[in-house]
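Visitor: Can you walk me through this one? I'm new to reading structures, so keep it short.

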Amino acid sequence: MKFWPRRYWIRIAMALALGTLLAQRAIPAPPAAEPVAVSAGGAGTAPADYARIHTFLQAHCIECHGPTKQKGDLALHVYKDVKSIVKDRKVWEKVLEKVRGGEMPPKKKKPRPDPVETEAFARTIEGVFYEADKNAKPDPGQVTIRRLNRTEYNNTIRDLVGVDFKPAEDFPSDDIGQGFDNIGDVLSISPVLMERYLAAADAVMRRAIPDQLPKPMVHRVGPLFLKPNLRPRDFPGLKFRPIVDTRKLRTSYALPGEGEHLLRVKAWYERPDGDWGEGDEPAAKLGLWVDGKLVQSFDVLAGEKSPDLCETKLNLKTGEHQFAISFLNPGGEDSGRALRVGTFEIHGPADTRPASQIMLLACDPNLPEHERTRAVLRRFAARAYRRPVSSEEVERIAQLADQVQAQGGKWESAIQFAMEGVLISPKFLFRVELDDRPDSSGQHAIGDYPLASRLSYFLWSTMPDAELFDLAAKGKLHEDAVLEQQVRRMLADPKSHALVDNFAMQWLQIRRLKTFAPDTGMFPDFNEQLRQAMFTETSMFVDAVFREDRSIIDLIDGDFTFLNERLARHYEIADTNGNPAWDKEIAPKGQPIRGEGFVRVHLADRNRGGVLTQASVLSVTSNPTRTSPVKRGKFVLEQILGVPPPPPPPNVPQLPESATAVASGSLRHRMEQHRADPNCANCHEHMDGIGFAFENFNAVGKFRAKDAGFEIDPSGTMPDGKAFRGPAELKKMLSGQKSLFSRCLTKKLLTYALGRGVEYYDQPTVEAIVSALSRNDYKFSTLVVGIAKSDPFRQRRGKEQSQ
Amino acid sequence: MNSQNAISRRTVLRGIGCAMSLPWLEAMGPLTNWTLGGETARPAPNRMAFMYVPNGVNMADWKPASEGTGFELPAILKPLEGVRDDILVLSGLTADKARPHGDGGGDHARAMSAFLTGAQPRKTDGADIRAGISVDQVAASRLADQTRLASLEIGCESGAMAGNCDSGYSCVYSSTMSWRSSTTPMPKETNPRLVFERMFGSGTNSQRVKRTARQRSLLDFVREDSGDLSRKLGTTDRRKLDEYFTAVRDIEMRMERAEKLPEPKLPDGFQKPGNTPAVYGDHLRIMSDLLVLAFQADVTRVSTFVLANEGSNKPYPFIGIREGHHDLSHHGGDMKKKEKLRDINTFHMTQMAYLLGKLKSIPEGDGTLLDHCTIVYGSGNSDGNRHNHDDLPVLLAGKACGTIKTGRHLVFPKGKDTPLNNLWVSMLDRVKAGVDTLGDSTGRLPGLTG
């Protein structure tokens with residue numbers, strides 16, 4: 001049986017200790033460079049390092065992996081110096097893994113190296129790698145062409161076509177690698193997905209350019225309902241309402257769309273039979289008023305039998321307007337003359353094309369149709385492919401349109417179809433980075449257009465906007481100052497909330513909340529509202545840290561959060577000053593938290609605050625019926641400190657029945673009994689040690705003092721031996737690990753930004769960003785700008801690069 | 001392979017009990033031309049489906065005590081009482097490639113991805129996903145020209161929502177059992193409405209014809225238009241592009257087949273299903289119904305059905321189990337946990353029994369639909385507590401057109417590590433795939449014909 005005993009924890013302890021040290025010195029250094037049993041000062045000279053490695057090999061490895069035997073095709077005697085080891089890094093990483101994991105040398109082989117000796121050996125190799133990385137030829141790594149994931153597809157369609165209805169909803173879920181769903185190597189295309197692409201392209205384009213335009217809307221106001229209105233029962237059957245003086249008949253209406261509207265009313269002229277009075281005019285003048293202005297007057301000559309049609313076309317803006325009709329030349333009540341007006345109608349806007357269609361089809365109407373087709377499609381394809389397109393490309397797309405027209409289709413349908421073709425093209429579905437030297441192993445800068453896409457998908461999860469395209473066209477985007485200015489502009493844009501939704505929610509594993517199903521019997525007050533509120537709290541909190549450009553350390557221990565009434569009740573918080581609900585003597589009093597809306601709440605009690613003590617994280621690290629200190633501890637080590645515990649050994653031994661006889665006591669007590677097994681103790685002592693700090697929060701993140709009737713003991717120790725009691729103290733300690741945390745977050749965000757795992761050759765990039773963070777108060781924007789300006793983000797290479 | 005056909009169909013078809021009573025399948029007209037021996041009757045074809053359950057099972061309640069015929073059904077297999085003569089329990093098979101072989105932890109990820117492939121999944125969380133082609137896809141490629149869909153991948157749990165599925169393995173490994181090639185996993189469809197639309201299409205007939213014509217020209221366009229692309233792409237990128245064009249070809253082939261093959265018929269009164277039901281049990285039922293429908297209407301002859309992802313930590317509150325499945329599978333010998341595990345295992349088996357009952361209620365040719373199927377049910381883990389991959393829980397149902405003798409418990413010697421893949425090779429024989437090896441197979445599995 002192999003275990004991950006003390007050695008691993010020594011590593012973490014060293015890393016933690018060093019983290020503190022680094023924060024003070026603010027210089028990059030390997031996470032675990034200080035060898036335990038070798039001379040101080042990190043990795044030694046190359047010959048001294050080699051000598052140490054050689055000694056260990058001779059004593060423990062060469063017998064099976066040397067000149068006589070090469071078990072597993074591995075021969076270690078051929079490595080004669082440090083350089084040769086670095087050259088075969090993959091082999092030696094495996095060696096490192098096996099030796100550290102205790103798998104090698106095999107158990108039955110005696111004498112076993114003692115742990116200190118093993119660790120010294122491993123750390124020497126690490127030191128060698130680290131030295132090599134420092135001096136390594138810079139390498140931007142290789143990014144596999146990435147297909148848009150579901151979120152990116154939805155967002156890109158929204159921005160490209162102007163329809164927002166999440167067409168990717170029916171796509172198969174995207175696979176996850178390295179903790180994220182935007183990793184190029186993992187995103188594959190199956191036949192099912194291809195079918196969905198076809199269906200989505202069809203649905204999207206039919207919405208954007210409908211086959212049949214809806215008729216303009218008509219709004220009608222009957223004569224009795226024009227103001228001042230009359231009661232219908234007083235005037236049964238009245239179709240035409242008389243006006244005898246200068247008072248206007250009014251109505252108001254909020255127009256749903258902008259553009260040309262048709263205003264129409266029927267009217268006739270009522271006058272004393274055959275007896276025209278002196279000065280009578282041959283026509284009644286009807287005035288039509290819009291927003292207090294007379295827009296037109298009509299001569300009404302007709303009698304009752306065939307009323308005149310008074311209508312006019314006007315360009316009107318969206319929104320509320322006042323309409324009125326008046327008799328411009330009345331004779332007064334006693335004159336016997338009246339203008340009779342019927343139903344007032346507003347038709348419009350006349351142009352019922354959706355905004356998407358107007359946008360997509362906009363072009364110079366004077367061009368011949370053939371050229372209009374090409375102009376419209378060129379513009380669309382360039383945006384869809386996120387780069388300029390060649391004339392041949394335009395021509396091929398245009399032929400799709402020509403096909404439709406050749407079969408008698410109208411121009412709009414032809415364009416609709418051609419655009420569908422663009423939407424299923426690999427040039428749209430993949431983020432293609434065209435390269436003149438695709439297989440060149442040398443690093444070279446990517447073009448400004450691919451850079452625009454890398455930026456926009458990194459920060460917005462969508463295609464570049466006009467400004468980015470414009471800078472790319474001018475060839476300016478890659479300039480340091482321009483790039484930084486663009487990153488800051490993009491972060492300020494609301495679209496950068498994508499970083500919260502897609503990066504942070506995956507990093508913190510909050511997406512698991514969606515399927516989290518706590519036992520309803522034990523947690524009867526858990527419901528959909530609470531689930532949603534948990535999600536929103538974390539989303540708004542992280543958004544605030546990002547948007548206000550706060551220190552990333554606030555993520556661990558911020559003094560504020562966002563709550564609505566439901567979640568505040570869950571947290572037993574009374575008001576926006578974070579006063580506890582059960583404390584009647586509260587001062588200073590904040591605003592009470594009411595309703596479904598979220599408000600910013602200052603947290604006085606630091607047991608809450610930061611993502612680790614939010615109900616969302618506390619829930620996704622729990623089991624359905626109880627908390628899991630193991631999962632919570634593992635979460636902190638993995639997602640916050642970036643020192644993941646080794647995976648559990650492949651074969652967990654079965655505990656003897658007697659040892660598992662269910663003991664009574666708190667969960668902690670029972671788990672401690674469990675750990676009486678020395679095989680489990682080593683790792684779990686530390687993992688659980690951190691997890692126990694959160695035992696005051698139950699499996700849905702509610703505070704509790706007791707578990708199963710037993711007082712909760714939230715004390716524990718960090719792997720480096722420092723003791724703490726409760727979440728507030730633990731968070732304080734974690735906040736002190738600035739270097740470890742910022743390195744961890746940098747690696748996560750770099751993974752997300754590049755769409756590939758972070759490799760050893762990224763080490764210099766990571767360390768440079770960590771160092772910049774320490775110089776800039778750990779501001780979030782420093783991290784993002786650092787990544788955007790880094791070599792791996794701005795450069796690429798082809799084939800595998802040898803060391 | 002002919003030796004498998006040696007026993008007479010009559011012999012094996014003897015003793016098939018009367019069909020269970022099930023509402024919508026009764027009293028409907030034939031859907032295929034081998035259904036009721038009309039003038040154009042042909043012998044019914046062989047179909048295969050693979051059902052996967054995660055986290056192993058409680059073996060003590062799975063494995064029958066005696067070998068051969070007449071064994072007593074242990075607790076987990078009890079739901080199969082009504083079809084006991086149609087099943088063949090296989091004990092002692094091993095998925096060796098699910099073992100670490102130096103790759104350390106990650107038994108769940110390996111169990112799922114090695115189950116049908118017999119290939120060691122590459123331990124990677126991102127770069128270079130790789131397992132091997134799975135048995136269903138070998139069969140599918142062989143039978144592709146016979147039906148509208150070459151294969152149907154379905155399941156009741158979609159891919160993971162967050163990373164870190166299993167110790168350094170990408171989530172794709174623990175949520176996908178079907179692999180079209182060693183680098184292309186076949187994602188499963190979990191939404192019943194979308195499964196139905198894949199099988200029968202949506203819209204009216206004339207709409208479909210029109211749509212197909214349009215799609216053809218679009219696919220022609222992308223093929224023509226993307227020729228210039230690969231020149232400017234590196235090797236790995238070209239590989240991704242190949243994936244795209246393989247999918248394009250796939251659709252084109254499907255369109256061609258759809259034109260040649262008769263329109264699939266729907267049983268009277270079959271309600272088009274809606275989106276994913278909220279209740280897991282309902283979800284399993286409707287997916288089983290769709291699987292039966294797919295075989296009955298001959299839309300496909302190959303399917304995989306993942307009841308839950310490997311390592312799934314779903315609770316089963318509707319049968320009184322509040323703890324997560326995976327947590328329980330690490331029972332540490334605790335009897336209470338083992339009992340709960342057994343109850344989950346039995347619940348899943350009830351779904352299998354429902355599916356088999358349905359298949360058996362449909363008369364087809366000289367027997368029932370079930371007689372012309374092989375339905376495999378199993379897990380790539382044996383005991384979830386130990387994560388061992390030998391002595392796997394595996395059983396078959398259906399007689400594969402008279403080439404499998406059911407109603408038995410076959411035991412392969414413990415410690416011999418008889419590869420599970422030998423079973424797959426033998427099943428491929430039954431669709432005349434002409435394949436002698438698959439993954440880590442060492443030959444064919446003896447004893448299936450009795």
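Visitor: Where does His387(B) lie?
Guide: His387(B) is in a loop of chain B, between strand E13 (373-378) and strand E14 (394-397). Keep in mind that this is a predicted model.

Visitor: What is the phi of His387(B)?
Guide: Phi is about 55° there, so a positive value, although His387(B) is not a glycine. Most residues other than glycine have a negative phi.

Visitor: Is His387(B) buried or exposed?
Guide: His387(B) counts as buried, because it has 26 C-beta neighbours inside 10 Å. The cut-off for buried is 20 or more.

Visitor: Which residue of chain A has a positive phi without being a glycine?
Guide: Lys166(A) is one of them, with phi near 50°. Lys166(A) sits in the loop between helix H6 (150-161) and helix H7 (191-208) of chain A.

Visitor: And why is Lys166(A) called partly exposed?
Guide: Lys166(A) has 15 other C-beta atoms within 10 Å, so it is partly exposed. Exposed would need 12 or fewer, and buried 20 or more.

Visitor: Now peptide bonds. Which bond to Pro228(A) is cis?
Guide: That is the bond from Lys227(A) to Pro228(A), with omega near 0°. Pro228(A) is in the loop between strand E2 (218-221) and strand E3 (241-243) of chain A. Another cis bond runs from Gly348(A) to Pro349(A), also with omega near 0°. Pro349(A) is in the loop between strand E10 (338-347) and helix H8 (355-361) of chain A. Most peptide bonds are trans.

Visitor: Back to chain B. How many residues of strand E8 (residues 302-306) are buried?
Guide: Five of its five residues are buried, so E8(B) is mostly covered.

Visitor: Which residues are on which side of E8(B)?
Guide: Val302(B), Thr304(B) and Val306(B) are on one side. Ser303(B) and Phe305(B) are on the other. Both faces are covered. In a regular strand the side chains alternate between the two faces of the sheet.

Visitor: What pairs with E8(B)?
Guide: Strand E1 (residues 47-52) of chain B pairs with E8(B) in the parallel sense, over five bridges. Strand E5 (residues 152-155) of chain B is joined to E8(B) by four bridges, and these two also run parallel.

Visitor: Which residues meet Thr304(B)?
Guide: Thr304(B) is the bridge partner of Phe50(B). Glu153(B) stands opposite Thr304(B) as well.

Visitor: New topic. How many residues does each chain bring to the contact between A and B?
Guide: Chain B gives 65 residues and chain A gives 69 residues. On the chain B side, the elements that give two or more residues are helix H4 (171-175), strand E7 (184-185), helix H6 (205-225), helix H7 (235-260) and strand E10 (321-324). H7(B) gives the most, with 11 residues.

Visitor: What kinds of residues are on that side of chain B?
Guide: The split is 24 nonpolar, 24 polar and 17 charged.

Visitor: And chain A overall? How many helices and strands?
Guide: Chain A has 28 helices and 19 strands. Of its 803 residues, 45% are buried. Among contacts in chain A with a separation of 6 or more, 73% join residues 24 or more positions apart.

Visitor: Last one. Is Ala481(A) buried or exposed?
Guide: Ala481(A) is exposed, because just 8 other C-beta atoms lie within 10 Å. Ala481(A) lies in helix H15 (residues 480-492) of chain A. The C-alpha atoms of Ala481(A) and Lys789(A) are separated by 9.9 Å, though these residues are 308 residues apart along the chain.

Definitions and conventions: Residues numbered from 1 in each chain as written. Chains lettered and ligands numbered in written order. Predicted model: local features only at pLDDT ≥ 70, side-chain atom pairs only at ≥ 80, totals over all residues. Contact = placed C-beta atoms within 7 Å. Nonpolar A, V, L, I, M, F, W, Y, C, P; charged D, E, K, R; others polar. Pairing = 2+ DSSP bridges.
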